[in-house]
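Student: I should like to examine how the descriptive terms applied to a model are justified. May we take them one at a time?

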Amino acid sequence: MGFGVMGKMLFVDLKTKQLTEEALDEKTVREYIGGYGLGAKILFERQKPGVDPLGPDAMLGIVTGMLTGTDAIGGSRYVMVGKSPLTGGWGDANSGGNVGPFLKFGGYDAVFFSGISDDPVYLYIEDGKAELRDASDLWGKDTFDTEDVLRDRHGKKLEVACIGPSGEKLSLIAAVMNNKGRAAGRSGLGAVMGSKKLKAIAINGTMEIPVSDKEGAKEMRKRHLKDMGPMVKFMQEFGTCGMLEMCAKVDDAPFKNWAGTAEGDMPDYDKIGGAKIIAQQQRRFGCYRCPIACGGIMKAPTGKYKWGEHAHKPEYETQAMFGTNILVNDVDSIIMANDICNRYGIDTIGAGAAVAMAIECFDRGLITTEDTGGMELKWGDHEVAIELLEKLCNREGFGAVLTDGTKVAAEKIGKGSDKYAMHVGGQEVPAHDSRGGHGFAIAYCAEPTPGRHTMSGEMPHPPGTMPEYDPTTFTGRGVPHMIGSAYSNYYNAAGLCMICYGDGYGKAEYFLEAIKTVTGWDVDREEIIKTGRRINTMRQAFNAREGVTTPWKYPDRMLGKPAKTIGPRAGITWELEEIYTEYYEALGWDTKTGKPSKESLLELGMDYVAKELYPE
Amino acid sequence: MTIEVEIADVFRSYLDGEKTINVEGRTVGECLRYISEKYPMTKNMLIDDDGRLQNRFEVYLNGESTVSSGTDTPVKDGDKIDLVYLIHGG
């Protein structure tokens, strides 16, 4: 079975309650690594094309990587995989905390669910054994209470991935949550979990992950910890919320549903900056064995917003989506919004974008208080934003219009509101501007999962990873972006945290060393790139078989149509074709449809995929 | 010659708590080196040992990005520099 993995996958039919174990062989791990690589391979092979993502034939997976839970720095991640109900294509979402490592300590590299249970259930795993249990008493509980009840039942060391009420109510922007504030938030996979009446995956695990060079791995970790990147101290002190002021200053952050600028609409953005957030932090929070611990737990509230105990620190994305994007300069309301989303189990980016869209629609007269149930939606009004967010999370009143994301909201509101729905292919745009951000611009429209800031390709990578390229143009960028994207696909699939990978690994060689030491494989840069391309191409092959064509379509506003008139990004207007074409050529994907070419599939050893996409 | 560098709130503890500092240099790169030498906590944060800008940072000169011209971008008396740190994730 190889090293770095437990060598075992679990398949759970929720309708028949049948649990089946299958071996995970080393060849598959080396070719697809784990995470969304392994997940895409399994779903391509076992899920029929065209299924309803919320129906019984859809599969949902929770998948670790071969570095998850090992001595590799940042090996804390798991990935949820499935068909996205938001985009209709491939879906994945990645989270840290402790669940990923403990799934392996519980004996499984991955679990795949199919069918729909008649009644709410949770999967309980303990040291190589698994069983479905009744979750009727958990249904309706928020994610915090769900974790608490399950820990009372199974012990304090239990780790839990679960959905909250938003997932139960099939919000298409629902998340899978763990550690009371870590989120696998994108792609709407919380709704898929809810559709299966699967409340939680609860794990007690004490098993050991086999490692090729166990003593060498310990020594390697100590050495890598002494030579982490120069920004580690900053990330330890602030985490991602530390960059808001800077992102705002250069209009990378969203203002006024992406129509505004810092200078023109919210020059006092420093009121919600990182220092203001950290002033309310009680302690840092770290994922499994993380030397950075960029997360945080907030102090008890002192103002009118009463967030609960163990409320997590808002990440940059949340800070921007519930701050600058709706012109709110009140830190407490952002902490509150984050806590609401975490408890209900919903993507803060999707929810923030939906709230911003609603405010703009109200501002433009497309909706009135008759539509909103009396709420006067205004830019900068954090009280009404919080009220609307609660309704959104609960699929209640006007919140029900927004809870399936901006694409569906535009369909419900009509009246040309789609112009203000800031999504790419159904996935809400994260809080980094594509206008002026070349790497983001490519990623948002060209990757198998649209609108994802964590699929950027070009950053963050340890020094020595990326080739030289001109950062001011798309010309000549296709191959460098492909290389960066391949590395991103590899480390994501392997179970590494993006921040630990980018800032924690002081040199590109350390990443290679971690793989070699844990697995025993003699990998090199060329294998990383080829394997990363294979993973990306498998995710895209899933899309192609579903009939999904890419590039994903941008809203005009995100292409600079019309262009901003003030600020450092004034005057930027891009055409879709100039953004992605070279990248697709470098990947061997069709520049009109995104379909991987037969030649590229064969080059990557994906012969059976080629046969299915190109039947003779 | 004096160039003003505005320090974001989150970086002030690295630069003796200053909101703005005055630096010297003929280019953006020389200004960054000046900061690295005067404020040891910023060593290797902004530029590496070879003077190359660390890949998470973008330098704005008088409100305009210097991505295209890089650390060789000339500066003149009265110019204003902003340091922008961009990370992903979160």
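Student: What makes the span of helix α23 of chain A agree with its number of residues?

Tutor: The model is a predicted one. Helix α23(A) covers residues 525–545, and its 21 residues at 1.5 Å a residue should span 30 Å. Because the end C-alpha atoms are 30 Å apart, the expected and computed spans agree.

Student: How do you know whether α23(A) is mostly covered or not?

Tutor: The count of buried residues settles it: 15 of the 21 residues of α23(A) are buried. The helix is followed by G547(A), whose phi is positive, near 85 degrees.

Student: Why is T70(A) called buried?

Tutor: The cut-off for a buried residue is 20 or more other C-beta atoms within 10 Å. T70(A) has 28 such atoms within 10 Å, and is therefore buried.

Student: Where does T70(A) lie, and which residues does it touch beyond four places in sequence?

Tutor: T70(A) is placed in the loop between β3 (60–64) and β4 (78–83) of chain A. Its contacts beyond four places in sequence are G4(A), G75(A), I209(A), V211(A), A217(A) and V518(A).

Student: Turning to chain B, how many helices and strands does it have, and what makes its compactness comparable to that of a globular protein?

Tutor: Chain B has 1 helix and 5 strands, in the sequence pattern β-β-α-β-β-β. Its radius of gyration is 12 Å, close to the 12 Å given by the globule rule for 90 residues, so chain B is as compact as a globular protein of that length. Of these 90 residues, 33% are buried.

Student: What is the strand order of the sheet in chain B, and which strands are called edge strands?

Tutor: The 5 strands form an open sheet in the order β2-β1-β5-β3-β4, with mixed pairing. The edge strands are β2 (20–23) and β4 of chain B, each of which pairs on one side only. Strand β3(B), residues 57–61, pairs with β5(B) in the antiparallel sense over 5 bridges. Within that region, E58(B) has V84(B) in β5(B) as its bridge partner.

Student: How many residues of each chain are in contact across the two chains, and which strand of chain B gives the most?

Tutor: Contacts join 22 residues of chain B to 29 residues of chain A. On the side of chain B that touches chain A, β4 (64–65) and β5 (80–85) of chain B each supply at least two residues. The most come from β5(B), with 3 residues. That side divides into 9 nonpolar, 9 polar and 4 charged residues.

Terms used
Residues are numbered from 1 along each chain as its sequence is written. Chains are lettered from A and ligands numbered from 1 in the order in which they are written. This is a predicted model: local features need pLDDT of at least 70, side-chain atom pairs count only at pLDDT 80 or more; totals for chains, interfaces and linings use all residues. Two residues are in contact if their C-beta atoms, placed from the backbone, lie within 7 Å. Ala, Val, Leu, Ile, Met, Phe, Trp, Tyr, Cys and Pro count as nonpolar, Asp, Glu, Lys and Arg as charged, and the others, Gly among them, as polar. A residue is buried if 20 or more other C-beta atoms lie within 10 Å of its own, exposed if 12 or fewer, and partly exposed in between; C-beta atoms are placed from the backbone. Two strands pair if DSSP finds at least two bridges between them. The expected span of a helix is 1.5 Å times one less than its number of residues. The radius of gyration is taken over C-alpha atoms; the globule rule is 2.2 Å times the number of residues to the power 0.38.
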